[in-house]
Structures are given as C-alpha cells and as structure tokens.
Amino acid sequence: MSLITIQKSHNVSDLFILKSSLEHDGIKCFLLNEFTTQIMSHVGSFEVELQVHAADIDRMKEILAEVN
C-alpha cells in the first residue's frame, strides 16, 4: 500500500496536532524522517513528512474540511 505525504515541516511538533486529529478519526498516519530531523536539526534540508495511506486520501480531505 502506498503512502502519500500530506504535509511537511522542519519541526515534528508542528505535525502532531494534525496527526492526532486524523488518528482520532481512524486514519493511520506515519511520520517520515521523524528521528532524523531530531538528530540532524542543524541541517535545514531535512523535513518531517506526515503521510497517510493513498486509500485514506478522500476521508482525510473530508476530515480536514470539517476541521477548517
């Protein structure tokens, strides 16, 4: 199953709120580069990526529309 990046940030804490909201509604989320950015925080090119399964994209958009 393929993963789609829905948001990127240099700071992992920026993504935790969105991740929590999506997981609360049953969408499994993954943080790509979560630990790399903590170890290599001095390198600005590393970003954390919040990813969801491609099959969950439509539901994820519905949830974000409700939140906004």
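**Exercise 1. Work out in what order the elements of the protein run from the N terminus on.**

Solution. Start by counting: this predicted model has three helices and three strands. Now walk along the chain from the N terminus, and you'll read off β-α-β-α-β-α.

**Exercise 2. Find the order of the strands in the open sheet, and say which are the edge strands.**

Solution. Step one: the sheet is open, has three strands and pairs them antiparallel, in the order S1-S3-S2. Step two: look for strands that pair on one side only; these are S1 (3–9) and S2, the edge strands. Step three: check the twist, which averages 30 degrees from one strand to the next.

**Exercise 3. Describe how S2 is joined to S3, and name the partners of leucine 31 and leucine 32.**

Solution. Take the strands first: S2 covers residues 29–32, and S3 covers residues 48–53. The two run antiparallel and are joined by four bridges. Next, go residue by residue. Leucine 31 stands opposite leucine 50 in S3, while leucine 32 has glutamate 49 as its bridge partner there.

**Exercise 4. Sort the residues of S2 into a covered and an uncovered face.**

Solution. Here's a handy rule to begin with: side chains in a regular strand alternate between the two faces of the sheet. Now apply that to S2: Cys29 and Leu31 make up the covered face, and Phe30 and Leu32 the uncovered one.

**Exercise 5. Track down the largest nonpolar core and say which elements give two or more residues to it.**

Solution. The core holds 13 residues. Those with the most contacts inside it are Leu22, Ile27, Cys29, Leu31, Leu50 and Val52. You've already met Cys29 and Leu31 on the covered face of S2. As for the elements, helix H1 (13–24), S2, S3 and helix H3 (57–67) each give two or more residues.

Now zoom in on leucine 22. Skip its neighbours within four places in sequence, and you're left with contacts to Ile6, Ile27, Cys29, Val52, Met60 and Ile63.

**Exercise 6. Sum up the protein as a whole: how much is buried, what is its accessible surface, and how far apart in sequence are its contacts?**

Solution. Of the 68 residues, 29% are buried. The accessible surface comes to about 4500 Å², and carbon and sulfur atoms account for 53% of that. Finally, take the contacts between residues at least 6 apart in sequence: 58% of them join residues at least 24 apart.

Definitions and conventions. Residues numbered from 1 in each chain as written. Predicted model: local features only at pLDDT ≥ 70, side-chain atom pairs only at ≥ 80, totals over all residues. Heavy atoms only, no water. Buried < 20%, exposed > 50% of the residue type's maximum accessible area, 1.4 Å probe, protein only. Pairing = 2+ DSSP bridges. Axes fitted to C-alpha atoms, helices over the stretch in contact; angles between N-to-C directions. Contact = heavy atoms within 4.5 Å. Areas by Shrake-Rupley, 256 points an atom, 1.4 Å probe, with all protein chains shown as cover. Core = buried A, V, L, I, M, F, W, Y, C linked by side-chain atoms within 4.5 Å.
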